[in-house]
Amino acid sequence: MKDLRFGVVGLGLRVNLAEAAHRPGRGSVVAAVCDTDPETLKREAARFGDPVTSPDHRDLLGRDDLDAIIVLTPDDTHESIAVECLQAGKPLYLEKPLAITVEGCDAVLRAARDTGTRLYVGHNMRHMGVVRLMRDIIRRGDIGEPKTVWVRHFVGYGGDYYFKDWHADRTRTTGLLLQKAAHDLDVVHWLAGGYTTRVNAFGDLMVYGGLPRREPGTPRPDGWPRDHTWPPTAHRDLHHVVDVEDVSVMNMVLDNGVIAAYQQCHFTPDYVRNYTVIGTEGRLENFGDGPGATVKVWNTGPTGYRPDADITYRVPDATGSHGGADTRIIEEFARFAREGGPVDTSPVAARMSVAAGYMATRSLRDGGAPYDVPPLDPSLVAYFADDRR
Ligand SMILES: NC(=O)c1ccc[n+]([C@@H]2O[C@H](COP(=O)([O-])OP(=O)(O)OC[C@H]3O[C@@H](n4cnc5c(N)ncnc54)[C@H](O)[C@@H]3O)[C@@H](O)[C@H]2O)c1
């Protein structure tokens, strides 16, 4: 089988996904790269041998020697670049979030439907060992029917990764309850087997709003992203616009009656996600979220707290970025780009996670008022239900 030839657009921090996709002789190669920043383009192209280079993604779209496009650009560019890729008929890997508005998501889904081009949205958490382990436990029925899901998201490094560039500007992301939480809202939907229909949320910019910022147009500080700042109040070089929340808490009602909650903080010392799912016959909780972490299940009782639980599962070992998820998701995308067929991610689910985060952000900026999540056009739901797409 010949290697699939990818064009990659956007070579910033997420270039590690392009590296996972560059496997000469083993299924796929990065054959062309694009970045609007000339220095980044020159420096990062060298990782891939001697690829075609361009500062304009449109130069990649007309090339017959590219089989698919991988888009790794900032969130606010996803909608327009994705629509152009789909219109060019190139199977597309689009990083999460699908877009930064509900309308933007729907425009991308319509473009995929209208052109018949394959669309894959990069929700790599569905390929993380800890998430797959929790999903397997639930699917086997070990905790009965899931009824409530609570997620605590401790974003250590928050000041470094989310407040030193475009992430901190709500015109470029909507907010971190969409930008960052889209991952976990998707996982909540996947674990619970439903989509959010109603939300409310509270949030605030508590720490990073009052700290010194850089001048517009200045690059992220030297040493980024290797060097980290502690305590959070010591940051002196934040993005020139900081108007997203650094704490947010969100409640959800899903279409199958499940009730869920998600909490995010960007000035905590450690980085970890903690999920609890309670079903009609038990509860699970993860301790750590990478390879070697554990998921515990309590399904006898009632008793006082038992740290040893009833069953403890270990998250399997894996190598590569995001606990091995990036390697697995690119393999899945390569197969999908070649031949279609069922995959573990879903454009509809990607839209529903953005829609939940978007409406929750509106709620938290409106005093916590509840909002309904707009349903997706049923004709789009039906189109993507056919898993050849
Ligand atoms: N799935 C994950 O685990 C994960 C992890 C990190 C980031 N992401 C997502 O990946 C995307 C990229 O994030 P990042 O942290 O790498 O951002 P980044 O700012 O580090 O890099 C973005 C790169 O895109 C380039 N760029 C901007 N506009 C462009 C355009 N129109 N055409 C070509 N290049 C352009 C920039 O010059 C920059 O080099 C975002 O959507 C982010 O949400 C996903």
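**Overall fold and three local sites**

The protein chain carries 13 helices and 15 strands. Keep in mind that this is a predicted model. On overall dimensions, the C-alpha trace spans about 65 × 50 × 40 Å along its principal axes. The radius of gyration comes out at 21 Å, and since a compact globule of 389 residues would sit near 21 Å, the two agree.

Turning to packing, buried residues account for 57% of the 389 residues in the chain. Contacts reach a long way along the sequence, too: of those between residues at least 6 apart, 73% join residues at least 24 apart. The exposed surface adds up to about 16200 Å², with carbon and sulfur atoms supplying 51% of that area. As for charge, there are 45 positive and 54 negative charges, and their mean positions lie 2 Å apart.

Helix H4 makes a handy first stop for a local look. This helix runs over residues 78–87, and its buried residues are His78, Ile81, Ala82, Val83, Cys85 and Leu86. Both strands and helices help to cover them. On the strand side, the cover includes S1 (4–9), S4 (68–71), S5 (92–95) and S6 (119–122). On the helix side, H3 (58–61) and H5 (102–115) are among the covering elements. After H4 comes Gly89, which has a positive phi, near 80°.

The next site is a loop residue, Asp142, found between helix H6 (129–139) and strand S7 (146–155). Its side chain pairs up with that of Arg140 through a polar contact of 3.0 Å. Leaving aside residues up to four places away in sequence, Asp142 also touches Ile137, Glu281, Val297, Asn299 and Tyr313.

Thr174 is another loop residue, this one sitting between helix H8 (170–173) and helix H9 (176–179). Is Thr174 buried or exposed? With a relative accessible area of 10%, Thr174 counts as buried, because the cut-off for that label is under 20%. The side chain of Thr174 isn't left without a polar partner either: it reaches the backbone oxygen of Ile100 at 2.5 Å. Ile100 turns up again in the list of residues that Thr174 touches, alongside Tyr358, Thr361 and Arg365, once residues up to four places away in sequence are set aside.

Note on methods:
Residues numbered from 1 in each chain as written. Predicted model: local features only at pLDDT ≥ 70, side-chain atom pairs only at ≥ 80, totals over all residues. Heavy atoms only, no water. Helix = DSSP H or I, 4+ residues; strand = E, 2+ residues; numbered from the N terminus. Rg over C-alpha atoms; globule rule 2.2 N^0.38 Å. Buried < 20%, exposed > 50% of the residue type's maximum accessible area, 1.4 Å probe, protein only. Contact = heavy atoms within 4.5 Å. Areas by Shrake-Rupley, 256 points an atom, 1.4 Å probe, with all protein chains shown as cover. Lys, Arg positive; Asp, Glu negative; His and termini not counted. Charge placed at Lys NZ, Arg CZ, Asp CG, Glu CD. Polar contact = N/O pair within 3.5 Å; in protein donor to acceptor, adjacent residues only side chain to side chain.
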